[in-house]
Amino acid sequence: RSQLFLFFLPGGLLQERDKRAKWNGIPTLLQKLYESSHPNSDLSHAHSFLKVLSSQLSMEAMSFVTEDRKTAQESTFPNTYTFDLFGGVDVNNWLEFRLTALFLLTVNDDLVKDCLSVLYNCCICTEGVTKSLAARDDFVLFLFTLMTNKKTFLQTATLIEDILGVKKEMIQLEGIPNLSGLVQSFDQQQLANFCRILSVTISEPDVGNDDKHTLLAKNAQQKRNASPSRAEVNQVTLLNIPGFIERLCKLATRKVSEATGANFLQELEDWYTWLDNALVLDALMQMATEEAEQSSTESSDESSLATSPLRHRLPQSMKIVHEIMYKVEVLYVLCVLLMGRQRNQVHKMLAEFRLIPGLNNLFDKLIWRKYTASNHVVHGQNENCDCSPEISFKIQFLRLLQSFSDHHENKYLLLNSQELNELSAISMKANIPEVEALVNTDRSLVCDGKKGLLTRLLAVMKREPPDSSFRFWQARAVESFLRGATSYADQMFLLKRGLLEHILFCIIDSGCTSRDVLQSYFDLLGELMKFNIDAFKRFNKYVNTPEKFQTFLTQINSSLVDSNMLVRCIVLSLDRFENVLYPPVVEVLSECCLLSYMARVENRLSFLFRLINIINVQTLTQENVSCLNTSLVILMLARRKAKLPFYLNALREKEYAEKYPGCLLNNFHNLLRFWQRHYLNKDKDSTCLENSSCIPFSYWKETVSVLLGSDRTSLCAIASYIDEPFMDLDRDLLED
């Protein structure tokens with residue numbers, strides 16, 4: 001209403017009110033802009049008014065950014081407030097229609113830029129403007145058409161990114177007019193910027209509620225949404241664009257010296273659109289200072305300017321950080337695509353376009369440069385957090401490696417030819433056949449140089465400070481190389497490089513207290529030691545005092561959710577070794593403190609009781625469901641030895657000793673009923689359980705069925721060990 005009233009006020013009255021209210025002439029400017037933006041008006045007049053508005057709003061927007069994006073209620077932005085008061089927030093009444101009209105009528109690039117500037121600055125300071133714009137799909141799709149103009153591309157891309165960030169429903173990429181032609185028209189720099197937008201459109205939205213992350217809620221959501229999500233549809237749309245993945249691989253692997261720009265002034269203009277975080281400038285200045293401290297004998301293209309004056313080196317430092325920021329967005333898009341339903345198709349293309357060898361060539365010079373100081377920063381595991389470009393780059397790089405290696409035969413592309421030969425030699429010496437995936441690896445697509453990417457990663461992993469959160473991502477990346485069917489050669493390759501001793505040092509001697517880091521090391525240690533007698537020998541050699549072993553047990557017992565995968569590995573390995581009469585194995589069984597500890601039935605029962613007790617159906621998540629599977633492994637191995645009744649009876653006795661009969665076994669019964677619904681779903685991949693345990697999935701299913709048997713006379717049915725008064729204590733929980 002105030003906006004409509006504005007256009008009928010006499011100019012004098014409006015100016016008088018303006019002075020009293022200190023509106024800085026904004027209502028008058030809006031009035032003049034409205035009058036001069038009709039189809040038959042001289043748009044040069046409209047442009048002059050728009051420039052003044054743009055300037056006033058830009059100053060407040062910059063102030064807003066430097067105040068760490070406080071809300072408008074926490075900071076004072078009088079110009080933006082006045083703009084909102086007279087129609088800024090109500091986009092339909094003035095902002096959208098007037099500016100959209102200018103977009104459609106003008107061929108003046110500067111006028112379009114100023115229109116975009118007004119919109120963007122309003123979005124920065126006033127969330128209501130952004131939400132109003134996001135609510136109109138036609139306007140959002142219209143903005144994409146402006147990206148064909150190189151002179152207004154960056155401003156348009158930045159505005160679209162802000163709008164999509166608050167949009168309630170994800171935009172469908174297939175709705176963008178001629179998307180394929182648009183993307184193919186981008187130069188490499190524009191494509192990198194476009195990845196910032198794509199990251200919003202191909203990622204599943206974060207529901208922001210822990211309850212909805214439970215497996216129970218996820219399974220229910222999947223039943224309701226049987227068709228592919230918008231994010232999945234958008235991923236397919238991108239993969240159908242000719243040359244898209246190839247160009248992303250080139251962007252991800254190009255050297256800084258290969259990045260070209262029109263000129264330095266253009267580069268500065270590009271940078272303005274990225275400076276929504278003061279950490280970028282901090283990183284830039286820190287790099288320039290660090291480079292100055294380097295020896296003048298360094299010869300890499302990224303540090304060859306180290307001896308020149310700071311003012312001459314600054315553009316090169318800027319170029320490095322700029323390229324790093326581009327690569328963060330590109331790697332994120334590739335990582336999301338690798339985790340999608342078209343994973344195998346993406347894998348094939350990434351291998352064909354030599355992404356991994358390209359990243360290997362960048363590792364020392366850019367990804368993990370020796371003089372980077374940011375690797376000493378303790379940093380959270382949330383990939384969306386606000387952090388410096390180099391930290392984001394490293395984390396995104398490690399997440400990509402994890403996704404690339406996880407349960408896929410292309411993991412051997414992380415090695416070079418010599419290292420592949422080493423794996424073959426290990427298999428030959430042990431008199432075991434080579435892994436089929438290794439034999440089938442295309443040697444023309446593996447890493448070049450003296451070291452492969454995995455070996456380089458191991459080297460920097462050992463140098464990482466104890467509490468650095470990069471350890472979490474590094475361990476996850478290395479663990480993904482080992483996951484799947486256990487490979488003795490893969491394990492020995494890493495054992496020979498001192499990985500086990502490094503892990504044990506971090507767990508026992510480094511003083512590391514981060515639960516995330518410790519969990520990642522427990523998981524990695526489990527994969528490294530599983531079924532490997534040499535690994536247990538090395539463990540016993542390092543943990544050579546009762547004090548060290550007690551410290552190790554304390555770390556395991558402090559959080560079974562974090563360490564249960566290692567417990568599972570020890571139980572499985574012990575079971576296999578006990579069935580082998582080979583003298584070296586018998587010797588390790590008798591001497592290894594870890595195996596001896598797990599061989600005692602009271603210790604296995606203690607783990608079993610606690611594993612069942614710390615979870616229930618309502619709290620099961622992707623993080624803790626492993627506790628249920630580990631408890632099942634313990635009982636499956638007991639069943640193989642006809643000891644299942646003994647274990648179930650021990651759980652019953654524990655219930656009565658703790659004075660809550662029926663609670664534990666009823667909870668376990670509910671968990672197993674959920675297990676059946678979850679893992680017997682046709683969409684679930686049961687091969688992970690089978691490969692990780694070397695127990696056929698059919699035996700998993702059979703054991704669960706036996707435990708859930710309704711015959712109370714069966715000694716292997718949970719129901720037989722729950723007294724009638726306590727039966728079905730939690731009967732309705734699963735249905736609820």
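Does helix 34 pass helix 36 in a right-handed or a left-handed crossing? The crossing is right-handed, where right-handed means that the near helix is turned clockwise from the far one by less than a right angle, and left-handed that it is turned anticlockwise. The tour comes back to this pair after a look at the whole chain.

**Before selecting anything**

This is a predicted model, in which local features need pLDDT of at least 70 and side-chain atom pairs count only at pLDDT 80 or more, while totals for chains, interfaces and linings use all residues. Residues are numbered from 1 along each chain as its sequence is written, and side-chain values use heavy atoms, with hydrogens and water left out.

**Whole chain**

Show the chain as a cartoon. It has 39 helices and zero strands; both are DSSP runs numbered from the N terminus, helices being H or I with at least four residues and strands E with at least two. Of the 736 residues, 54% are buried (buried is under 20% relative accessible area, exposed over 50%, partly exposed in between, with a 1.4 Å probe and protein chains only). Among contacts with a separation of 6 or more, 76% join residues 24 or more positions apart; contact means heavy atoms within 4.5 Å.

**Stop 1: helices 34 and 36**

Select residues 601–613 (helix 34) and 644–657 (helix 36). Their axes come within 11 Å and cross at roughly 65 degrees; axes are lines fitted to C-alpha atoms, for helices over the stretch in contact, and angles run from 0 to 180 degrees between N-to-C directions. Show side chains for V601, R604, L605, L608, F609 and I612 in helix 34, which meet F646, Y647, A650, L651 and K654 in helix 36. The residues of this contact divide into nine nonpolar, no polar and two charged. In this count Ala, Val, Leu, Ile, Met, Phe, Trp, Tyr, Cys and Pro are nonpolar, Asp, Glu, Lys and Arg are charged, and the others, Gly among them, are polar.

**Stop 2: L635**

Next select L635, in helix 35. L635 is buried, at 0% relative accessible area. Leaving out residues up to four places away in sequence, L635 touches L608, L644, Y647, F668 and L707. Two of the names from the previous stop, L608 and Y647, are included in that list. The C-alpha atoms of L635 and L605 are 9.8 Å apart, with their positions 30 residues apart along the chain.

**Stop 3: salt bridges**

How many salt bridges does the structure hold? There are 27, each a side-chain nitrogen of Lys or Arg within 4 Å of a carboxyl oxygen of Asp or Glu.

- Stay with helix 35 and select R640 and D575, which form a salt bridge at 3.9 Å, N to O. R640 lies in helix 35 (residues 625–640) and D575 in helix 31 (residues 560–578), so the bridge ties together parts 65 residues apart in sequence. R640 is partly exposed at 44%, whereas D575 is buried at 9%. Add E578 and K641 to see a network of salt bridges that links them with D575 and R640.
- Select R196 and E161, whose closest N and O atoms are 2.9 Å apart in a salt bridge. R196 is in helix 12 (residues 188–202) and E161 in helix 10 (residues 153–166), so the pair joins parts 35 residues apart in sequence. R196 is buried at 13%; E161 is partly exposed at 22%.
- Select R538 and E501, a salt bridge at 3.5 Å, N to O. R538 in helix 29 (residues 533–542) and E501 in helix 27 (residues 499–509) are 37 residues apart. R538 is partly exposed at 27%, and E501 is partly exposed at 25%.

**Stop 4: helix 22**

Select residues 417–429, the 13 residues of helix 22. The end C-alpha atoms are 18 Å apart, which agrees with the expected 18 Å (1.5 Å times one less than the number of residues). Which residues of helix 22 are buried? They are E419, L420, E422, L423, S424, I426 and S427. These pack against helix 23 (436–439), helix 24 (453–463) and helix 26 (488–495).

**Stop 5: two loop residues**

Select F531, in the loop between helix 28 (515–529) and helix 29. F531 is not a glycine, yet has a positive phi of about 65 degrees, and it is buried at 13%.

End at C694, in the loop between helix 38 (687–693) and helix 39 (697–707). C694 has a positive phi of about 60 degrees although it is not a glycine, and it is partly exposed at 40%.
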